[in-house]
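This briefing goes through one protein chain, topic by topic. Look at the sequence and the structure first, then read the points below.

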Amino acid sequence: SSQPVTQTARELGINVNTLHTWINNYRRKNPGDAPQVDDEHLYDELKKLRRENARLKEDRDILKKAAAFFAKESS
């Protein structure tokens, strides 16, 4: 379908990497049936991953600061 793989994985309740593995296995066994990858979906996926990466970096930085604070408090 035209739905992004990440959205499909989320709806199925599975890890996106698992779904990618299944898709790649299917494409290897059925090379003529593989859908064409749309650049727009790749661009949307890249934007989503960059936003998620930035959020995770912020979370990591907050946790580092909290760990340093509590380490200082317990000393």
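At the start of helix H2, a side-chain oxygen of Asn-15 comes to within 2.6 Å of the backbone nitrogen of Asn-17. The model shown here is predicted. The points below take up the helix H2, then the salt bridges, then the two domains.

**Helix H2**

- Helix H2 covers residues 16-29, which makes 14 residues.
- At 1.5 Å a residue, helix H2 should span 20 Å, and its end C-alpha atoms are 20 Å apart, so the expected and the computed span agree.

**Salt bridges**

- Three salt bridges are found in the structure.
- One salt bridge joins the side chains of Glu-52 and Lys-48, with 3.5 Å from N to O.
- Both Glu-52 and Lys-48 belong to helix H3, which runs over residues 39-74.
- Glu-52 and Lys-48 are four residues apart, or about one turn of the helix.

**The two domains**

- The protein chain is split into domain 1, residues 1-35, and domain 2, residues 37-74.
- Six residues from domain 1 and four residues from domain 2 take part in the contact.
- The C-alpha centres of domain 1 and domain 2 are 25 Å apart.

**The interface between the domains**

- The size of an interface is often given as the accessible area lost when the parts come together.
- Between them, domain 1 and domain 2 bury about 380 Å², with 52% of it on carbon and sulfur atoms.
- On the side of domain 1 that touches domain 2, two residues are nonpolar, two are polar and two are charged.
- Zero salt bridges cross the interface of domain 1 and domain 2.
- One residue pair is in polar contact across this interface, with both residues at pLDDT 80 or more.

How values were computed:
Residues numbered from 1 in each chain as written. Predicted model: local features only at pLDDT ≥ 70, side-chain atom pairs only at ≥ 80, totals over all residues. Heavy atoms only, no water. Domains from an automatic or database assignment. Contact = heavy atoms within 4.5 Å. Buried area = accessible area lost by both parts, 1.4 Å probe. Salt bridge = Lys/Arg side-chain N within 4 Å of Asp/Glu carboxyl O. Polar contact = N/O pair within 3.5 Å; in protein donor to acceptor, adjacent residues only side chain to side chain. Nonpolar A, V, L, I, M, F, W, Y, C, P; charged D, E, K, R; others polar. Expected span 1.5 Å × (residues − 1).
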